[in-house]
Amino acid sequence: MDGFTPVSGLLGGMMIGLAATLLLLLNGRISGISGIVGGLVSPGTRRGAGWRVAFVAGLVLGAFSYAAAAGGLPGGVEASVPVLVIAGLLVGFGTRLGSGCTSGHGVCGIARLSKRSIVATAVFMGVAALTVFVSHHVI
Amino acid sequence: MSRIIVALFAGALFGVGLVVSGMADPQKVIGFLDFAGDWDPTLLFVMGGALLVTMPAFRLILKRPRPVLADGFDLPTKSAPEARLIGGAALFGLGWGLSGFCPGPAVAALSTGLTPVLAFVASMLAGMAAYAWFFDRPDNLRSPVGARVPGGGPEGGG
């Protein structure tokens, strides 16, 4: 497990917040990654997919460029591929059903003091913590 | 065209932020979610840092009649949490806890080219497509993507 890194955490968090601010101020859009990516595989929102593709491309390129400059991305995924496949389905379906993920609800929704986002964030963080507790300490 | 460039730049800044903060590392995320283990509170600082910027900024931005480059703000319009929101958040939490990946970091981690990341993202897209197939058809008005609300909208989910 990595150590506690509050400074880089705060700094990285502020970059995420600034990115969300720019997208709202200039394009009028919420930086919800599940919504942006989900729109690409939803027939209802295929119109105007250009900005979604651009945002996702930027996300991958930004992460890649920074990691390359800073000496490699953090590696290692602990979960096995079958678990990751099940988890991926749950994350994909769940974020769309619940109208958002960590970015949409956790960063943008809470910033607007949305009751829905506060409730959703409490639920997904609580269930995720419970899942880690059961999978790491019970089973 | 300018909106595409903004989206590309915002995505890149978001991606750098995910790597700098440690969110792109699923083991670090698990370390945050593992309250009973060697708990790493870093992610509280990530979310705090983001909210430190978005809370005051969103408040100011949504006072504007419209965004700089578009006709209106595209915001969620619902205000009350309902069973669907809570059920979806619970399913997401289960998947997040099992993998350490939420959508943003998973997409950013595609840049590693690692097979487990590719498997997760492919599966996540399948889950999203399944949702769209069930609930988000063009003839179905239950789309979670909010209506366009000129001049900023009422509260609602993200």
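# Asking how we know: two chains and their salt bridges

Author: Welcome! In this predicted model, A:Arg116 is buried, with a relative accessible area of 2%.

Reader: Why is A:Arg116 called buried?

Author: Buried means under 20% relative accessible area. The value for A:Arg116 is 2%, so the residue counts as buried.

Reader: What makes the pair of A:Arg116 and B:Glu82 a salt bridge?

Author: The closest N and O atoms of the two are 3.0 Å apart. The cut-off is a side-chain nitrogen of Lys or Arg within 4 Å of a carboxyl oxygen of Asp or Glu, so this pair qualifies. A:Arg116 lies in helix α6 of chain A and B:Glu82 in the loop between β1 and α4 of chain B, so the salt bridge joins two chains.

Reader: Why can such side chains pair at all?

Author: Side chains of opposite charge can pair when their charged atoms come close.

Reader: Why is B:Glu82 called partly exposed?

Author: Its relative accessible area is 28%. Partly exposed covers the range between under 20% and over 50%, so B:Glu82 belongs there. B:Lys78, with 33%, is partly exposed too.

Reader: What makes A:Arg116, B:Lys78 and B:Glu82 a network?

Author: Salt bridges link these residues. B:Glu82 meets A:Arg116 at 3.0 Å, and B:Glu82 also meets B:Lys78 at 3.6 Å, N to O. Both distances are within 4 Å, so B:Glu82 takes part in both salt bridges.

Reader: How do you know that A:Arg29 and B:Asp74 join two chains?

Author: Their side chains meet in a salt bridge of 2.5 Å, N to O. A:Arg29 sits in the loop between α1 (6–27) and α2 (33–38) of chain A, while B:Asp74 is in strand β1 of chain B, so the pair links two chains. Both A:Arg29 and B:Asp74 are buried. Between chain B and chain A the count is two salt bridges, and the structure holds four over all chains.

Reader: What else describes the meeting of chain B and chain A?

Author: The area buried between them is about 10100 Å², and carbon and sulfur atoms give 77% of that. The contact takes 114 residues from chain B and 108 from chain A. There are also 18 residue pairs in polar contact between the chains, with both residues at pLDDT 80 or more. On the side of chain B that touches chain A, α1(B) gives the most, with 18 residues.

Reader: What makes helix α2 of chain B mostly covered?

Author: Seven of the eight residues of α2(B), which spans 26–33, are buried. Among them are B:Val29, B:Ile30 and B:Phe32. Buried residues of this helix pack against α6 (115–138) of chain A, together with α1 (2–21), α3 (42–61) and α4 (83–99) of chain B.

Reader: How do you know that B:Asp25 caps the N-terminal end of α2(B)?

Author: A side-chain oxygen of B:Asp25 lies 3.0 Å from the backbone nitrogen of B:Gln27. A polar contact needs N or O atoms within 3.5 Å, so 3.0 Å meets that distance limit.

Reader: What does the record list as "transmembrane region" in chain A, and what is the chain like there?

Author: The unreviewed UniProt entry lists residues 6–28, 49–73, 79–97 and 118–138. Over 6–28 the chain is 96% helix, with end C-alpha atoms 31 Å apart. Over 118–138 the chain is 100% helix, and the end C-alpha atoms are 29 Å apart. Chain A as a whole has six helices and zero strands.

Conventions: Residues are numbered from 1 along each chain as its sequence is written. Chains are lettered from A and ligands numbered from 1 in the order in which they are written. This is a predicted model: local features need pLDDT of at least 70, side-chain atom pairs count only at pLDDT 80 or more; totals for chains, interfaces and linings use all residues. Side-chain values use heavy atoms; hydrogens and water are left out. UniProt positions are given in the numbering used here, feature names are shortened, and annotations may be inferred rather than shown by experiment. Helices (H or I, at least four residues) and strands (E, at least two) are DSSP runs, numbered from the N terminus. Buried means under 20% relative accessible area, exposed over 50%, partly exposed in between (1.4 Å probe, protein chains only). Contact means heavy atoms within 4.5 Å. A polar contact is a pair of N or O atoms within 3.5 Å; within protein, one must be able to donate a hydrogen and the other to accept it, and residues adjacent in sequence count only if both atoms are side-chain atoms. Buried area is the accessible area (1.4 Å probe) that two parts lose on being put together, summed over both.
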